[in-house]
Amino acid sequence: MKWSENAWDEIENIYCSIIEMPFNQELLSGTLLLERFQFYMQQDGVYLVEFSRALSLIASRCFNHPYTLDFIRFAEGAIVVERSLHEGYFKQFNVTGTTEASPTCQNYTQFLLTKASLDQVEVAMAAVLPCFWIYKKAGDYIYANQHEGINPYQEWINTYAGEEFGLLVEKAIAICDAVAETCSALQREQMTKAFVMASKLEWMFWDSAYRLEKWPV
Ligand SMILES: Cc1ncc(CO)c(N)n1
C-alpha cells in the first residue's frame, strides 16, 4: 500500500466531516452569507502568503533538483492564487485592508512553518499535502454537487475543481509517496502524524470562518 493511501484512510473521516460542514454545504448551494465568505477570503489571503513561505522553505531543503523545482512552482502557485484573490474577489466583494490572522489561521500557518523549517523535509512535505489534496477533493465534491443557477462563489469553486490544480495535487501526492519509500517506518509514521494534524487544521479553518472567529482578548 502506498503511503498516501494509508494516510488518506487516516483522514477519511475528517474529509467526510469537512464536506458536510455548513460552510461547504452553503457554498455549494450559493446560500453562504457573504460576511462568512469575506471572512474566509481575508483569512485565506493571510494563509496563502504563509503557505507559500512554507513551500519555499521546503523547496530550499530538497536534496533532489526536480523536487526543488516542483516546490518552487507550488510556492509560485500559492502566490498567484493569493494575487488573483486580491484582484478578483477582494474587489468584487469589497474586502479591504490587511488582516490580522485569526487564532485558527495563526495556529495553522505556524504549524506549517514550523514543520517546514524544523522537521525532516519528508515530514514537512506530508504536512503541506492536505492543503492540496483536501482542497482538490472538496473542490471536486462541491463542483459535482452544486445547484443549478447562478452561484456567487462559482469562481472559487472552479479554481479548486479545475484541471490545473488537479495536476499540482497529483504531483504533490507522488512526491510524498516517492520520499516515503526512502523513509524508515518511524519516519513514515511521523509523516502520517503531520498529515493528520494538517487535516484537522483544515477542518478548523472552515469552521473558524463560519463562526467569524475572533481573538478572545
Ligand atoms: C486554508 C487553505 N488550505 C488550502 C488551500 C489550497 O491551497 C487554501 N487556499 N486555503
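**Exercise 1. Find which residues I58 touches, leaving out those up to four places away in sequence.**

Solution. Start with the criterion: two residues are in contact if their C-beta atoms, placed from the backbone, lie within 7 Å. Apply it to I58, not counting residues up to four places away in sequence. The partners are F71, A116, V121, A124, M125 and V128.

Two notes on the model. It is predicted: local features need pLDDT of at least 70, side-chain atom pairs count only at pLDDT 80 or more, and totals for chains, interfaces and linings use all residues. Residues are numbered from 1 along each chain as its sequence is written.

**Exercise 2. Place I58 in the largest nonpolar core.**

Solution. First, define burial. A residue is buried if 20 or more other C-beta atoms lie within 10 Å of its own, exposed if 12 or fewer, and partly exposed in between; C-beta atoms are placed from the backbone. Next, define the core: a set of buried Ala, Val, Leu, Ile, Met, Phe, Trp, Tyr and Cys residues joined through C-beta atoms within 7 Å. The largest such core has 64 residues. I58 is listed with L55, M125, V128, L129 and C176 as touching the most other members. Helix 7 gives the most to this core, 14 residues. Helices (H or I, at least four residues) and strands (E, at least two) are DSSP runs, numbered from the N terminus.

**Exercise 3. Describe the overall fold of the protein chain.**

Solution. Count the elements: 10 helices and 0 strands. The radius of gyration is 17 Å, close to the 17 Å that the globule rule gives for 217 residues, so the chain is as compact as a globular protein of that length. That radius is taken over C-alpha atoms, and the rule is 2.2 Å times the number of residues to the power 0.38. Along the principal axes, the C-alpha atoms fill a box of roughly 50 × 35 × 35 Å. Buried residues make up 38% of the 217 residues.

**Exercise 4. Sort the residues around the ligand by class and by element.**

Solution. List the shell: D44, Y47, L48, C131, Y135, E202 and F205. Each has its C-beta atom, placed from the backbone, within 6 Å of the ligand. Helix 3 (34-61), helix 7 (121-145) and helix 10 (185-210) each give two or more residues. Helix 3 has the largest share, 3 residues. Now sort by class. Ala, Val, Leu, Ile, Met, Phe, Trp, Tyr, Cys and Pro count as nonpolar, Asp, Glu, Lys and Arg as charged, and the others, Gly among them, as polar. The result is 5 nonpolar, no polar and 2 charged residues.

**Exercise 5. Find the buried side of helix 8.**

Solution. In helix 8 (residues 154-161), W156, Y160 and A161 are buried. They cover an arc of only 120 degrees around the axis, which puts them on the same side of helix 8. The arc is that of the directions from the helix axis to the C-beta atoms. These buried residues pack against helix 7 and helix 9 (163-181). The face turned away carries the exposed residues Q154 and N158.

**Exercise 6. Decide whether W206 is buried or exposed, and list its contacts.**

Solution. W206 is found in helix 10. Count the other C-beta atoms within 10 Å: there are 22, so W206 is buried. Leaving aside neighbours within four places in sequence, W206 is in contact with I18, M21, F23 and N24.
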